[in-house]
Amino acid sequence: MPALAGCGGRTQSSLAPESHAAKDIASLFWWMMGGAWIGLGLVVALLLWSWQRRKRRGFGRDSGGVKPGERVGWLVVVGAGIVVPIVLLATLFVISDVFVIKTTEAPAANATRLTVHVVGHEWWWEVRYPGKGVVTANELHIPARTPVRLEVTTADVIHSFWVPQLNRTIDAIPGKTNAIELYAEAPGRYRGQCDEFCGLQHAHMAFSVDAEPPAVFRRWLAAQARPAAAPASAAAQSGERAFLDGACSTCHTIRGTSAHGYVGPDLTHLASRTTLAALAIPNTRRTLADWITDSQAVKPGNQMPDFRLTGKRLQALLAYLEGLR
Ligand code: CUA
C-alpha cells in the first residue's frame, strides 16, 4: 500500500488532465502501461509454460539431436524477443515524438494573444506579462480556454516548470528560453512544481496556475498593472518608510516607489497573493510576520535574511505590506 500512497487525488496529477495536451500525455501513458502489462503477462506465461514442460520431461534428459519444439522456440525468441519490441518501440517513438510532442508545443508568438514569461529563482518563480506592465510571483493567472504561450528561463541554476494537469514539463536553462503551451479547459487552480533538483529548497519551489474566465482575468491583469496603493494609515505610512529606508528595498521591487530590488519577488501587489515563499505558507498576517522575522526557520537556505523585527516596527511593516492589494 505505501507504494500507492502517491496515487490518490487529482491535485498535481498528470492522470487528471485538464487540457488537450495533458490528455494526450495521459493516454500515451495508459497505452504504454497497458502494453507493458501485456508484455509482462506474456513473459510470465512463457516462463511458467517452459518451467512446466521441463518439469514434465525432467532436466537434462532432452539433450542431443533436434529437440521437439525447437523450431517453435526459435520463432518465440525471434518474434517476441526481437521483432515485437522493435515494432512496438518504433510505434511508441513515432506516437510520442511526432504526435504528442507536437500537440504539447507552444503556440507561435504571433499566433497567440497572451505570452507569459517565467523566470526560475532559488527558490521561487518570477512571473512577467510582457507588454502589460505586470510582474508577480509564484501565482500565475491565465484566461481559461485560451492558448497561452509560456516562455521559461532561469536567473541562476537549472529548474523545471511542470503543471502535470496542463502539460508536460519544460526546463528552465541558463541563457536559454524554452516555450510551451499553457492551456486550461476549465477555470480552476492548478498546482505546479519545480521538477529538476535545484538545491536545498527544491521541494518548496511550487507555484499555482489560476485559470479564470477571460473577463475575470482581464480585471486581474488591469489591477496588477497599477502601481502600489499608497499607505492608507499612519502605521502603514511608517511601514512604507521602514521598507524603503531599510534593507527590504535593496532586494524587492514595489512599483510606484523607490524600491527596485531584483533579488526577491516583486511585492507591488503582495496582498493579492494567497501564499508566500513559493506556496510554502499561506499569506496571512501571522505567517507574513513569521516570514519577515525568521524566514530561515520557515524555509532554510532561502536568500532572505532574518530581520529580527519586533513591536511597533514589525506591526508598521505588516500594515504597509497588507495594504498592497
Ligand atoms: Cu527549482 Cu527544483
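**Exercise 1. Aromatic contacts**

Find the residues that form one aromatic cluster with W125 in this predicted model.

*Solution.* Start from W125: W125, F161 and F207 form one aromatic cluster. Next, widen the view to the whole model, where the count comes to 8 aromatic pairs. One of these joins Y129 and W220, whose ring centres are 5.5 Å apart. The planes of Y129 and W220 make an angle of 65°; since edge-to-face requires over 60 degrees, the pair earns that label. Now place the two residues: Y129 belongs to strand 2 and W220 to helix 3, so their contact ties together parts that are 91 residues apart in sequence. Finally, check accessibility, and you will find both Y129 and W220 buried.

**Exercise 2. The sheet that holds strand 2**

Work out the strand order of the open sheet that contains strand 2, and say which strands stand at its edges.

*Solution.* Begin with the order, which reads 3-2-1-5-8 for the 5 strands, with mixed pairing. Then look at the ends of that order: strand 3 (134–137) and strand 8 (178–182) each have a single partner strand, so one side of each is left without a neighbour in the sheet. From one strand to the next, the twist averages 25°.

Zoom in on one edge. Strand 2 (residues 124–129) pairs with strand 3 in the antiparallel sense over 4 bridges, and R128 has V135 of strand 3 opposite. To finish, add the helix: helix 3 (residues 214–225) lies across strand 2 and strand 3, at about 95° to strand 3.

**Exercise 3. The sheet that holds strand 10**

Now do the same for the open sheet with strand 4 and strand 10: what is its order, and where are its edges?

*Solution.* The order is 4-10-9-6-7, again an open sheet of 5 strands with mixed pairing. Its edges are strand 4 (139–143) and strand 7 (170–172); each has a single partner strand, so one side of each is left without a neighbour in the sheet. The twist averages 25° from one strand to the next.

For the pairing at the strand 4 edge, follow strand 4 to strand 10: they run in the parallel sense and share 5 bridges. Within this pairing, E139 has S208 of strand 10 as its bridge partner. Helix 3 packs on this sheet, touching strand 4 and strand 10, and its direction makes about 135° with that of strand 4.

**Exercise 4. Salt bridges**

Trace the salt-bridge network that includes E139, then compare the accessibility of R189 and D210.

*Solution.* First, list the members: E139, R189 and D210 are linked in a network of salt bridges. Second, take the link between R189 and D210, where the closest N and O atoms are 2.9 Å apart. This pair links distant parts of the chain, with R189 in strand 9 and D210 in strand 10 (residues 206–212), 21 residues apart. Third, compare accessibility: R189 is partly exposed at 40%, whereas D210 is buried at 10%.

The model has 7 salt bridges in total. Among them is E185 with K23, at 2.8 Å from N to O. E185 sits in the loop between strand 8 and strand 9 (188–194) and K23 in helix 1 (residues 20–57), so this bridge ties together parts that are 162 residues apart in sequence. E185 is partly exposed at 28% relative accessibility, and K23 is partly exposed at 36%. Another bridge joins R149 and E151, at 2.9 Å from N to O; both R149 and E151 are buried.

Methods: Residues are numbered from 1 along each chain as its sequence is written. This is a predicted model: local features need pLDDT of at least 70, side-chain atom pairs count only at pLDDT 80 or more; totals for chains, interfaces and linings use all residues. Side-chain values use heavy atoms; hydrogens and water are left out. Two strands pair if DSSP finds at least two bridges between them. Axes are lines fitted to C-alpha atoms, for helices over the stretch in contact, and angles run from 0 to 180 degrees between N-to-C directions. Contact means heavy atoms within 4.5 Å. Rings of Phe, Tyr and Trp (its six-membered ring) pair if their centres lie within 6.5 Å; planes under 30 degrees apart count as stacked, over 60 as edge-to-face and the rest as tilted. Buried means under 20% relative accessible area, exposed over 50%, partly exposed in between (1.4 Å probe, protein chains only). A salt bridge is a side-chain nitrogen of Lys or Arg within 4 Å of a carboxyl oxygen of Asp or Glu.
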